[in-house]
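Student: Hi! Could we go through this structure together, one topic at a time?
Tutor: Happy to. Let's put it on the screen.

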Amino acid sequence: MPRKRIPVVAGWFTEDGPDEEFRLLGTRCPLCSSVFFPRQDGFCRNPGCTGGEPVEVPLSRRGTVWSYTDGRYRPPAPYPCDPDMPWEPYTLVAVELAAERMVVLGQAAPGVGVADLAVGMTVEVVPGVLGTESGDGTDDGTVWTTWHWRPVDTGLRDGAR
Amino acid sequence: MSGDVAVLGAGMHPWGKWGRSFVEYGRVAARNALADAGIDWPDVQSVVGADTVRGGYPGYVAGATFAQALGWQGARVTSVYAACASGAQAVNTARAQILAGMADVVLVVGADAAPKGFFAPAGGERPNDPDWLRFRVLGATNPTYFALYARRRMAVHGDTPEDFALVKVKNAAAGALNRNARYRAPVSAEQVAASAVVADPLRLLDICATSDGGAALVLSSMEFARRHGAADPVRIRAVSTVTPTYPKAVLDLPDIATDSAVAVEPATASFRASIARAAYEEAGIGPSDLSLAEVYDLSTALELEWYEDIGLCPAGGGAALVREGATALGGRIPVNPSGGLASFGEAVPAQAIAQVCELTWQLRGTAGDRQVPGARAGITANQGLFGHGSAVVAVR
Ligand SMILES: [Zn+2]
């Protein structure tokens, strides 16, 4: 059986459709328009707002880099990575979304390192894989899907294989 | 000042990796603080413990744990948890009890036996816990957040890794003079540059270690201090425990995103700056009145940010201060004369208390080789996970 593709957290991003329609999913307060990511269901956190039931809203696909770094050492559980495999550093990017006026953290797409990034650079959100979990014999296990930030117009789209 | 409480005693268990229980560290620190104060444990009317979450039940109920270890004597008891700000909230709780007339003399204790390496979230599947989620979804350790701030400073203010290294060099030099510090060897800029990158641009020697350790204070009313023969004690004049204001526009541990500013304009000052401002307002002093400061140098770059947030210089001026030596021992405004977290490492519930211990010794003029001459006023600054402000102003 093929590996099951399961979002690392349900409801934080779109699961179907072509890559170019992939979006992070937040919530928006119908009363004050405040946006929340990760999604804030049930209430609005704006202290001046009496609130309403927040509705799901896709976030902007593109933003600019607020800052970035990488993780050179293996992080502790519950980060899904196989301790028997060599450690592959990951890159983290904090991205400013102009329309939402917020900063959203995420891993960079595979092959994107700190040398490929700069504060202020434009990036876009793309679907990605966080890790895989081996199956128990009855299936081939699980692929944890997530979101990645990838620089726009740098040639990395083709170079990052 | 009717709002003052007296610091009668301060004590620590030396920081390190000792492999023993946090209870032992806290008990030693408490005994040292009681001896320093000249107070017998049975005369303490209230004990406030800063909690650790790594010790099971005894860690979650630290006040009672330390009271039991010292010997049950019937005192009022409180346990507080506010992550890295736990110690400041313990000090604040003790102060509130004293000012409310609930107790004349209170023992404040914090101690921890920290794990090696990265701090990790509590175990189990915890999809509703933001701290668990940032590790699970992003592998975002504490140093990766410090590195995001550091890289941002480089882009916005022009700081360099060499500026960051100067902070380590400065704090290591001070820590070498402190018998309670874990690391007591001077460190050179070359050593910082030669250490491994943990999270670009920060290296191993830019980031504070985890440690074991304990710290304790004996606080009392000014009236009790007078009766006890302490006519001119170090006084705690302000404790800031503020939360952020919405929308919080700076990405903070353990958040995956900031609040959106579409509905409400963010405050002009950052949350970290508001922590110190609240303490200054309560104390009725300002940055120019300070003789020294103890700030939470989780990373070298973060210490530079604190210079700006506690008002020692304008935004972006931090690196210039460390370059000119203003914040070193012997400089215009020494910061972290204790050696800071760079020399101590993190023993989470103890550290904010340890900062007040250092203010106490400095303001008494008993800090030995690391004494700031004529110290009259000092501030501590710290920030606890999930929006816990923490600053203490002490004066003499
Ligand atoms: Zn609202």
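**A helix and some cavities**

Tutor: Let's begin with chain B of this predicted model. Its helix α1, residues 22–37, has 16 residues and spans 22 Å from the first C-alpha to the last, close to the 22 Å expected at 1.5 Å a residue.

Student: Thanks! Which residues of α1(B) are buried?
Tutor: They are B:Phe22, B:Tyr25, B:Gly26, B:Ala29, B:Ala30, B:Ala33, B:Leu34 and B:Ala37.

Student: And where do those buried residues fall, seen down the axis of α1(B)?
Tutor: They fall within an arc of 160 degrees, so they line one face of the helix.

Student: What covers the buried residues of α1(B)?
Tutor: In chain B, the cover includes the strands β1 (5–16), β4 (105–113) and β7 (212–220). The helices α2 (57–60) and α3 (62–70) of chain B are also part of that cover.

Student: Switching topic: how many cavities of 30 Å³ or more are there?
Tutor: The structure holds two. The largest has a volume of about 50 Å³, and the second largest has about 30 Å³ of space.

Student: Which residues line the largest cavity?
Tutor: The lining is B:Lys168, B:Leu205, B:Asp206, B:Ile207, B:Cys208, B:Asp297, B:Leu298, B:Ser299, B:Thr300 and B:Ala342. By class, that gives five nonpolar, two polar and three charged residues.

Student: OK, and what lines the second largest one?
Tutor: From chain A come A:Asp70, A:Gly71, A:Arg72, A:Tyr73 and A:Tyr90. Chain B brings B:Phe118, B:Thr141, B:Pro143, B:Thr144, B:Val198 and B:Ala199.

Student: Which elements each supply at least two residues of that lining?
Tutor: In chain A that is β5 (62–71), and in chain B they are α6 (142–157) and β5 (197–199). The lining of this second largest cavity divides into six nonpolar, three polar and two charged residues.

Student: One last residue, B:Ala394. Where is it found, and is it buried or exposed?
Tutor: B:Ala394 is in strand β11 (residues 388–395) of chain B. It is buried, because its relative accessible area is 1%, and buried means under 20%.

Student: What does B:Ala394 touch, leaving out residues up to four places away in sequence?
Tutor: Its contacts are B:Val234, B:Arg235, B:Ile236, B:Leu359, B:Leu363, B:Arg376, B:Ala377 and B:Gly378.

Student: And what separates the C-alpha atoms of B:Ala394 and B:Asp255?
Tutor: They are separated by 32 Å, with the two residues 139 residues apart along the chain.

Terms used:
Residues are numbered from 1 along each chain as its sequence is written. Chains are lettered from A and ligands numbered from 1 in the order in which they are written. This is a predicted model: local features need pLDDT of at least 70, side-chain atom pairs count only at pLDDT 80 or more; totals for chains, interfaces and linings use all residues. Side-chain values use heavy atoms; hydrogens and water are left out. On a 1 Å grid over the protein atoms alone, a cavity is a set of points where a 1.4 Å probe fits but cannot get out, and a pocket is an open set with protein on both sides within 12 Å along at least five of seven lines; lining residues have an atom within 4 Å of a point. Grid points are joined across faces, edges and corners, and a volume is the space filled by probe spheres set on the points. Ala, Val, Leu, Ile, Met, Phe, Trp, Tyr, Cys and Pro count as nonpolar, Asp, Glu, Lys and Arg as charged, and the others, Gly among them, as polar. Helices (H or I, at least four residues) and strands (E, at least two) are DSSP runs, numbered from the N terminus. The expected span of a helix is 1.5 Å times one less than its number of residues. Buried means under 20% relative accessible area, exposed over 50%, partly exposed in between (1.4 Å probe, protein chains only). The arc is that of the directions from the helix axis to the C-beta atoms. Contact means heavy atoms within 4.5 Å.
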